[in-house]
Amino acid sequence: MKPLNKIITNKDTSFNPIWIMRQAGRYLPEFREIRKENPNFINLCLNDDLSSKITLQPLKRFNLDAAIIFSDILMLPYGLGQKVEFEKNFGPRLGKFDLNEVAKIDEIDFVEKVHRVYKAIKKVSLDPDLNNKNTIGFVGAPWTLLVYMINLQSPKKNLKKDFFKDKFLINRILLIIEKFLKVHIKNQIDNGANIIQIFDSWAGLLEEKDLPNYIYSPTLNLVNFVKSLNVPVICFPREIRNYTEFCKIVRPDAVNIDYNVNPKEIIKNINIPIQGGLDPKILLTNKNTLKKEVIKYLEIFKDHPYIFNLGHGVLPETDPGMVEYLVKTVKDYK
Ligand code: 1CP
């Protein structure tokens, strides 16, 4: 059995596997070198030789338990024909969403645009170094994708004022997102992904009254879909104020917590396996502080099925030496 399945399926508490959100990325000089030669980020994700190589880069350096495929949540709007670009020091910039154009796209068109992501997953999952490790596929949650597809750029702290103006359009887009996310998930699993993580990075932007329509209901549909394919699903509703209620309603197999969650409180209320929590900024301090914080999480989760990870993605300015020390600290913990 693969390490993450031992925790999620068997509820093993005798060890803590570790992987790191955004582990394949900008803090690694070997990634930056490839990136320099490949200014178009989407094309880089769609180059399965390079994207599979980038996926494996952190595993060559560190004793991690899982690979997460080097791709992006915005491959979904890209596959639907929406323009998606990544600008330096700005982030994603999307072209206007045209419902009439998108309505013409079928499953075959979508897969044709993004199939190289699946090819990369196949390559990664067949790598002998991954025999005893997980291959994680992922998608953005419907809400977070909706945010990018309508806002057309990162919302940072706020959505545009008229974001919710056209409810008809929003609900149509949500249905389209859900349909193609299922296609995207199924293809990732068919090509070797043995865990699916659903990133809802902007869950924290919603008021409580809007959670059922924009988060609970569409995410529950996806969670049930992944479960029907017999693959565990981890949800990360980042900065949602009530993780307990989220877990009760959406029922993922495991939940990733962000760094504002009090780990001592959460284990009192949530009985499914938990992942993550450590503030990525701790990796910018020093080894002593890092070790203290890591041990704190491991002690709190001593008797709870727990996958070590961060409370959000690793920051680009992180020293890879600190990541190495983090992994070693988790692995040496008894
Ligand atoms: O080199 C570059 O400029 C590109 C930086 C980069 C990378 C390395 C982006 C642009 N995406 C990725 C890869 C990526 N994105 C992965 C695979 C690598 C790994 O985890 O090891 C994953 C899982 C994602 C997921 C993703 N993309 C999320 C969800 C997680 C999170 O960080 O909240 C989100 C919100 C995105 C959108 C996105 N893509 C890239 C950026 C800079 C952003 C965020 C911008 C923003 O809105 O603030």
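**View 1. The largest pocket has a volume of about 1900 Å³.** This close-up, like the others, comes from a predicted model. The pocket lining counts 48 residues, and those closest to the pocket centre are Arg22, Arg26, Gly91, Pro92 and Pro316. Three elements give two or more residues to this lining: helix H2 (29-37), strand E2 (84-87) and strand E3 (91-94). H2 gives the largest share, with 4 residues. By class, 25 lining residues are nonpolar, 14 are charged and 9 are polar.

**View 2. Strands E2 and E3 pair in the antiparallel sense.** The pairing runs over 4 bridges. One of the partnerships joins phenylalanine 86 to proline 92, which lies in E3. Pro92 also appears in View 1, among the residues closest to the centre of the largest pocket. The hairpin has 3 residues between the strands. Asparagine 89 in this hairpin takes a positive phi near 60°. Both strands return to the pocket theme: E2 and E3 each give two or more residues to the lining of the largest pocket.

**View 3. The largest cavity holds about 40 Å³ of space.** The count of cavities of 30 Å³ or more comes to 1. Lining the largest cavity are Asp72, Ile73, Met75, Leu76, Phe138, Val139, Gly140, Leu145, Leu181 and His184. Helix H5 (75-79), strand E4 (134-140) and helix H9 (167-190) each supply at least two of the lining residues. E4 provides the largest share, 3 residues. By class, the lining has 7 nonpolar residues, 2 polar residues and 1 charged residue.

**View 4. Helices H13 and H14 pack at an angle of about 35°.** H13 spans residues 287-300, and H14 spans residues 320-332. Their axes lie 10 Å apart. The crossing of H13 past H14 is right-handed. From H13, the contact uses Lys287, Leu290, Lys291, Val294, Ile295 and Leu298. From H14, the partners are Met322, Tyr325, Leu326, Thr329 and Val330. By class, this contact has 8 nonpolar, 1 polar and 2 charged residues.

How values were computed
Residues numbered from 1 in each chain as written. Predicted model: local features only at pLDDT ≥ 70, side-chain atom pairs only at ≥ 80, totals over all residues. Heavy atoms only, no water. Axes fitted to C-alpha atoms, helices over the stretch in contact; angles between N-to-C directions. Left-handed = near helix turned anticlockwise from the far one by under 90°. Contact = heavy atoms within 4.5 Å. Nonpolar A, V, L, I, M, F, W, Y, C, P; charged D, E, K, R; others polar. 1 Å grid on protein atoms, 1.4 Å probe; cavity = no way out; pocket = protein on both sides within 12 Å on 5 of 7 lines; lining within 4 Å. Points joined across faces, edges and corners; volume = space filled by probe spheres on them. Pairing = 2+ DSSP bridges.
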